[in-house]
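Got your viewer open and a hand on the mouse? Let's take a walk through this structure, one selection at a time.

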Amino acid sequence: MPRPTSRYVCSACGAVAPKWAGRCEACGAWNTIVEEAAEALPGPAARGITGGRKIAFVPLAGESAPPPRTPFDIAELDRVLGGGLVPASVVLVGGDPGIGKSTLLLQAAARLAAGGARALYISGEESVEQVRLRASRLGLAAAPLALAAATSLRDIAASLEAERGVALVVIDSIQTMWLDALESAPGTVAQVRACAAELIRLAKSRGFALVVVGHVTKEGAIAGPRVLEHMVDAVLYFEGERGHAFRILRAVKNRFGATDEIGVFEMTDRGLVEVANPSALFLAERRGNVAGSAVFAGVEGTRPVLVEVQALLSPSPGGSPRRAVVGWDQGRLAMLLAVLETRAGLALSGADVYLNIAGGLRITEPAADLAVAAALASAATGRPTDASMVFFGEVGLSGEVRLVSQAEARLKEAAKLGFTAAALPRRPSAKGRALAVPQGLAAWEVGHVSDLVA
Ligand code: TYD
Ligand code: MG
């Protein structure tokens, strides 16, 4: 066994550094490198690997059934998982403290238990009384969910080994779990990794689905869930802006389904409520006829979502102008400003620019370019965009508007919400089948950003 000495580990990504540094070389995070005792569990490597059994190889060609699924009956959650929980799979749910992870998983586990499956909820953060109190507030007091407050992984492992027919185990949170074989404190990279490995082994051998909660902290004081991302089958992030009631569940990795799928919830005093029609919610507070506002017809995963893009320009008091962005990419905004200035003749470089995606949604699609350009052009000219129009399309460096995927889904959602016009990329005439434009919607094909301004 190697002599225990100390080593330096990044608490965000788990990379091992030879000495302490302010910034992790591997993931670029600041102030995340912490000193840890270098210790190794006595493993096969220490004993030499002998006595293995032969594995059987099979031809690649062959029938495999899709994995069976147990739906939670919470549509927003099931869709993000790819249609429900896969037995013996491991899901990591990450997010800021206080965002609602415990609430979501308590509701989900209770729902599954109410459907007759055996579900266990193990909390390392709250006492049984606290969880009960929360459950009664959520109206789940009568759910046949098995509850425990525990942090010792040795005890948890022994209890799970003795269980039969468990469908789901929730561990809230991985940072509170500890294995007494390791000297490091709970929450350190070594503990988080070892505890997760043991839980995953149990899930695979006992056949239950495991959902592990992991807090993300910017300070890196406790190990970030990124350490775990490669160990699990699916990684879901629970996000939301503080002060907003919306919570978005986003799949960033999923071995059994699509990523970039989102589920939308609203945090209420009775817990998380599914939002079946997020477009209506995101547009609810929109005021027509205001300069600097444009509605983007977006697609998140398989689902179209309309959101309002807001831009505000104000004269810069000199020096370098401010560019503040909420919900969109800073670099992309800089690019669009340059394109609008050079290709469409809008004078923007002397102004402070503020861009906001209303409602707290974070947009990553390049298709939002045209809506952002419309909002900026509208703010610059003081003329409101047509309030009954949606925008989508990617903008290139020469100002050309490029085609984006799923145009028809976007148009359909816009028509459903009562919009009567859509600005979209011009389709080259050679480009196959004509676009199906819903009745009552006028399609305005835009070839260049300067057409927006004109
Ligand atoms: P929680 O699920 O404890 O967050 P996490 O596990 O991610 O740390 O959520 C805590 C917040 O949610 C807390 O600020 C209170 C709020 N909340 C509600 O608004 N309504 C509710 O019904 C519940 C249970 C919590
Ligand atoms: Mg919690």
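Start by colouring the chain by pLDDT, the predictor's confidence in each residue, from 0 to 100. The chain averages 88, and 94% of the residues score at least 70. As that suggests, you're looking at a predicted model: local features need pLDDT of at least 70, side-chain atom pairs count only at pLDDT 80 or more, and totals for chains, interfaces and linings use all residues. Residues are numbered from 1 along each chain as its sequence is written, while chains are lettered from A and ligands numbered from 1 in the order in which they are written. The model scores are ipTM 0.96 and pTM 0.78.

**Stop 1: the whole chain**

Zoom out and show the C-alpha trace, which spans about 75 × 55 × 50 Å along its principal axes. Now switch to cartoon: the chain has eleven helices and 21 strands. Both kinds of element are DSSP runs, numbered from the N terminus: H or I over at least four residues for a helix, E over at least two for a strand.

How many of the 454 residues count as buried? The share is 41%. A residue is buried if 20 or more other C-beta atoms lie within 10 Å of its own, exposed if 12 or fewer, and partly exposed in between, with C-beta atoms placed from the backbone.

**Stop 2: the domains**

Give a colour each to domain 1 (5–40), domain 2 (75–275) and domain 3 (281–453). These bounds come from an automatic or database domain assignment. The C-alpha centres of domain 2 and domain 3 lie 37 Å apart.

Look at where those two meet: eleven residues of domain 2 are in contact with eight residues of domain 3. Contact here means that the C-beta atoms of two residues, placed from the backbone, lie within 7 Å. On the domain 2 side, five of the touching residues are nonpolar, two polar and four charged. Ala, Val, Leu, Ile, Met, Phe, Trp, Tyr, Cys and Pro count as nonpolar, Asp, Glu, Lys and Arg as charged, and the others, Gly among them, as polar.

**Stop 3: around ligand 1**

Select ligand 1 and its surroundings. Which residues come nearest? Of the 15 around the ligand, they are Gly-100, Lys-101, Ser-102, Thr-103 and Gly-271. To count as near, a residue needs its C-beta atom, placed from the backbone, within 6 Å of the molecule. Helix 3 (101–114) and helix 4 (128–137) are the elements that give two or more residues to this shell, and helix 3 supplies the largest share, three residues. By class, the shell has four nonpolar, six polar and five charged residues.

An unreviewed UniProt entry annotates a "binding site" whose residues include Pro-97 and Ser-102. Such annotations may be inferred rather than shown by experiment; positions are in the numbering used here, and feature names are shortened. Click on Pro-97, in the loop between strand 4 (90–95) and helix 3. Pro-97 counts as partly exposed because it has 13 C-beta neighbours inside 10 Å.

**Stop 4: along helix 3**

Next, pick Ser-102, which lies in helix 3. Buried or exposed? Ser-102 is buried, because 22 other C-beta atoms lie within 10 Å. Leaving out residues up to four places away in sequence, Ser-102 touches Asp-172 and Val-213.

Finish with Leu-105, also found in helix 3. Leu-105 has 24 other C-beta atoms within 10 Å, so it is buried. With residues up to four places away in sequence left out again, Leu-105 touches Val-93, Val-170, Asp-172, Val-211 and Val-213.
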